[in-house]
Amino acid sequence: MENFNELLQNNNFIKKAHEFSKKAHHGQKRKNSEPYFNHCVAAAESVVSWGLDEQTVAAALLHDVVEDTPHTLDEIKGLFGEEVAFLVDGVTKVGMVRYRGIEAKVENLRKFILYLSQDIRVILVKLADRLHNMRTLYAVHPQKQKRIALETTEIYAPLAYRLGMQRLSGELEDLAFPYIYPQEYKWLIANVKGRYEEREKYAQKFKPAIETMLTDNQIALTRIDSRAKRYASLYKKLLRYDMNIDHIYDLVAIRAIVPTIEDCYAALGIIHQHWPPVPGRIKDYIALPKPNGYRSLHTVVFGPDNKLTEIQIRTAQMHDEAEFGIAAHLAYQQQKGTKNYIERKVAMADKKELMWIKQLQNWQKEFTNTEEFVQSLKIDFFKDRILALTPKGEVIDLPAGATPIDFAYQIHSEIGSSCVGAKVNGKIAPLDDKLSSGDMVEINVQKSKKPSASWLDFVKTSHARNHIKAALRQSPDSFIKEPPKKTELKLAVKNSIGLLKDVTGIISRSHIDIHSVNTQGSEKAPIIKIVIDVLLKDKLEKLLAKLKKLKGVETITHRAF
Ligand code: MN
């Protein structure tokens with residue numbers, strides 16, 4: 001993408017913002033004793049590298065002027081126009097509430113959501129600001145470091161991920177990692193660094209072979225490179241593989257960029273002809289993109305010397321979208337000549353990232369309880385996602401660990417509420433089954449069925465939870481209670497010791513399971529209490545009749561529970 005210095009030479013608007021900010025911050029220093037203005041330039045450089053428009057670049061240069069210098073927002077408005085002033089104001093307001101205590105956090109998150117839906121460029125400048133703050137975090141007081149790093153992994157990195165900006169999200173996580181997990185980070189460096197170098201060398205040898213192979217088959221390779229897995233994501237993966245680094249095949253992955261989608265599939269076939277794939281490791285994210293919109297083909301092959309290596313194949317457009325997400329969509333609209341931000345936004349309305357923002361905006365209105373809001377936000381919007389399918393092939397986006405009930409509610413609240421059963425990949429599955437990506441889920445419904453209170457024990461999404469609670473509130477009597485499992489019989493008898501054997505004898509001869517037997521009451525009026533399996537009405541009546549015939553049994557009461 002574009003280069004900041006070039007832009008500065010050729011664009012007078014940006015030049016003006018650059019000069020104004022430089023003067024405004026004159027004499028101010030950062031914690032690392034660099035001039036403060038360097039920070040503004042760094043933020044602007046990021047925004048330029050994401051391909052954003054001149055208003056956003058100017059706003060990045062000016063983002064700290066109102067907060068940290070005597071200049072006012074009105075001045076900015078007068079000099080740079082309404083749009084830049086709005087962006088600067090937004091960035092300032094989003095940053096106002098610091099990460100202290102749950103209330104402040106929630107307030108901040110609500111502002112994030114507000115600006116996300118109003119003008120996403122506010123958040124993009126904020127992310128550029130955060131990226132540079134993380135890169136210079138070493139200079140900050142140690143007490144503050146961890147708090148800022150935590151806020152970065154809990155809010156900024158997931159946000160960047162959901163906006164499809166994988167490179168940024170990965171870099172933010174990597175920058176935060178050593179501050180949050182210093183021991184683990186040391187371990188990783190000690191154990192993995194050599195391995196990385198070895199794999200990188202191997203990739204360098206492997207690349208020319210793929211290049212030749214594809215060109216021989218008339219596939220014009222746009223470029224081929226290798227990428228090392230980031231430390232933070234490697235660490236997460238290692239936790240799932242018992243810290244065994246031999247099981248990580250994408251430590252260094254090879255990435256081939258080809259012109260068209262057809263070329264992607266053709267290249268995959270050609271590579272598999274030479275190096276056999278590992279079964280189950282071929283992933284077609286082109287046909288079935290990840291929830292954040294990521295598209296690519298992935299495969300793990302037995303490469304030269306029989307080493308397992310991951311290869312990713314995609315087009316240049318897919319690559320840009322994978323790295324820059326929503327920013328790539330915006331840049332594309334700019335290139336097409338859509339000048340106005342509102343128009344660009346409308347043109348991007350079908351993009352996953354924007355749909356997600358819309359969903360987020362509607363969803364936050366449901367919450368009045370702040371604690372619940374943060375928890376749900378973490379699970380519903382920031383947690384790892386899975387994609388399950390309806391029988392018609394529609395993709396349903398859910399948080400990891402979601403169940404068929406969550407799936408049903410995601411389709412429609414009516415379907416969720418009247419769900420009576422589910423099939424996963426053609427087989428009957430329990431309603432609390434944990435779904436995986438690619439599962440095909442079929443929901444059986446029964447009209448007039450009401451949700452069960454027991455669903456609240458296992459549903460994952462707050463969407464399902466809220467609907468179940470609402471339905472239960474509406475008709476507290478009609479919700480399906482758990483069916484009783486046991487029956488308790490209380491026999492008032494004359495002599496418990498002699499009767500006990502007869503009573504239990506009758507019950508076991510009727511093939512009924514006894515859970516417990518107790519005697520209570522006084523010596524004069526003893527009571528035998530027996531807990532048995534719950535019985536259908538007529539079987540229970542037969543049993544009661546038999547017991548009543550016993551000599552010494554006075555009365556019998558029973559209850560199911
Ligand atoms: Mn800043």
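A residue counts as buried when its relative accessible area is under 20%, as exposed when that figure is over 50%, and as partly exposed in between. Keep that in mind for the tour below, which follows a predicted model.

**Helix α8 and its partner α3**

By that yardstick, helix α8 is mostly covered, with 14 of its 16 residues buried. Its length works out as well: at 1.5 Å a residue, the 16 residues of α8 should span 22 Å, and the end C-alpha atoms are 23 Å apart, which agrees.

Now for the company α8 keeps. Helix α3 covers residues 37-49 and α8 covers residues 120-135; their axes come within 8 Å and cross at roughly 125°. The two helices are therefore oblique to each other, and the crossing of α3 and α8 is right-handed. On the α3 side, His39, Ala42, Ala43, Ser46 and Val47 take part, and they meet Val125, Ala128, Asp129, Leu131, His132 and Asn133 of α8. Sorted by class, the residues of this contact are 6 nonpolar, 4 polar and 1 charged. In general, an α-helix has 3.6 residues a turn, so residues three or four places apart point the same way.

**A second helix pair: α18 and α20**

Further along the chain there is another pair to look at. Helix α18 (residues 404-411) packs with helix α20 (residues 462-474) at an angle of about 80°, and their axes are 9 Å apart. That angle falls in the 65 to 115 degree range, so α18 and α20 are roughly perpendicular to each other. From α18, the contact draws on Ile405, Asp406, Tyr409 and Gln410, while α20 brings in His463, Ala464, His467 and Ile468. By class, the contact of α18 with α20 holds 4 nonpolar, 3 polar and 1 charged residues.

**Around Pro277 and His272**

Next, a spot where a loop, a helix residue and a distant stretch of chain come together. Pro277 is in the loop that links α13 (261-274) to β3 (283-284). With a relative accessible area of 24%, Pro277 is partly exposed. Leaving out residues up to four places away in sequence, Pro277 touches His272, Ile282, Thr299, Val300, Val301 and Phe302. Take Phe302: it is 25 residues from Pro277 along the chain, yet their C-alpha atoms are separated by 6.3 Å.

His272 belongs to helix α13 and counts as buried at 18% relative accessibility. With the same neighbours left out, His272 touches Pro277, Ile282, Thr299 and Val301.

**Two residues with positive phi**

Most residues other than glycine have a negative phi. What sign does phi have at Asp305? It is positive, about 60°, although Asp305 is not a glycine. Asp305 sits in the loop between β4 (297-302) and β5 (308-315). Asn425 also has a positive phi, about 50°, and is not a glycine either. Its place is the loop between β8 (419-424) and β9 (427-429).

**How covered are the loop residues?**

Here are some loop residues from across the model, side by side.

| Residue | Loop | Relative accessible area | Class |
|---|---|---|---|
| Asp305 | between β4 and β5 | 62% | exposed |
| Asn425 | between β8 and β9 | 48% | partly exposed |
| Pro277 | between α13 and β3 | 24% | partly exposed |
| Thr390 | between β6 and β7 | 7% | buried |
| Lys434 | between β9 and β10 | 58% | exposed |

Two of these rows deserve a closer look. The loop of Thr390 runs between β6 (385-389) and β7 (395-399). Setting aside residues up to four places away in sequence, Thr390 touches Ile396, Phe407, Ile411, Met440 and Val441.

Lys434 has its place in the loop between β9 and β10 (441-445). Neighbours within four places in sequence aside, Lys434 is in contact with Gly401 and Ala402. Measuring tape out for a longer reach: Lys434 and Glu173 are 261 residues apart in sequence and 28 Å apart in space, C-alpha to C-alpha.

**One last stop**

Where is Arg509? It is in helix α21, which covers residues 496-509. Arg509 is exposed, with a relative accessible area of 63%. Arg509 and Asn425 are 84 residues apart in sequence, and from C-alpha to C-alpha they are 43 Å apart in space.

Key:
Residues are numbered from 1 along each chain as its sequence is written. This is a predicted model: local features need pLDDT of at least 70, side-chain atom pairs count only at pLDDT 80 or more; totals for chains, interfaces and linings use all residues. Side-chain values use heavy atoms; hydrogens and water are left out. Axes are lines fitted to C-alpha atoms, for helices over the stretch in contact, and angles run from 0 to 180 degrees between N-to-C directions. Helices (H or I, at least four residues) and strands (E, at least two) are DSSP runs, numbered from the N terminus. Angles under 35 degrees count as roughly parallel, over 145 as roughly antiparallel, 65 to 115 as roughly perpendicular and the rest as oblique. A crossing is left-handed if the near helix is turned anticlockwise from the far one by less than a right angle, and right-handed if clockwise. Contact means heavy atoms within 4.5 Å. Ala, Val, Leu, Ile, Met, Phe, Trp, Tyr, Cys and Pro count as nonpolar, Asp, Glu, Lys and Arg as charged, and the others, Gly among them, as polar. The expected span of a helix is 1.5 Å times one less than its number of residues. Buried means under 20% relative accessible area, exposed over 50%, partly exposed in between (1.4 Å probe, protein chains only).
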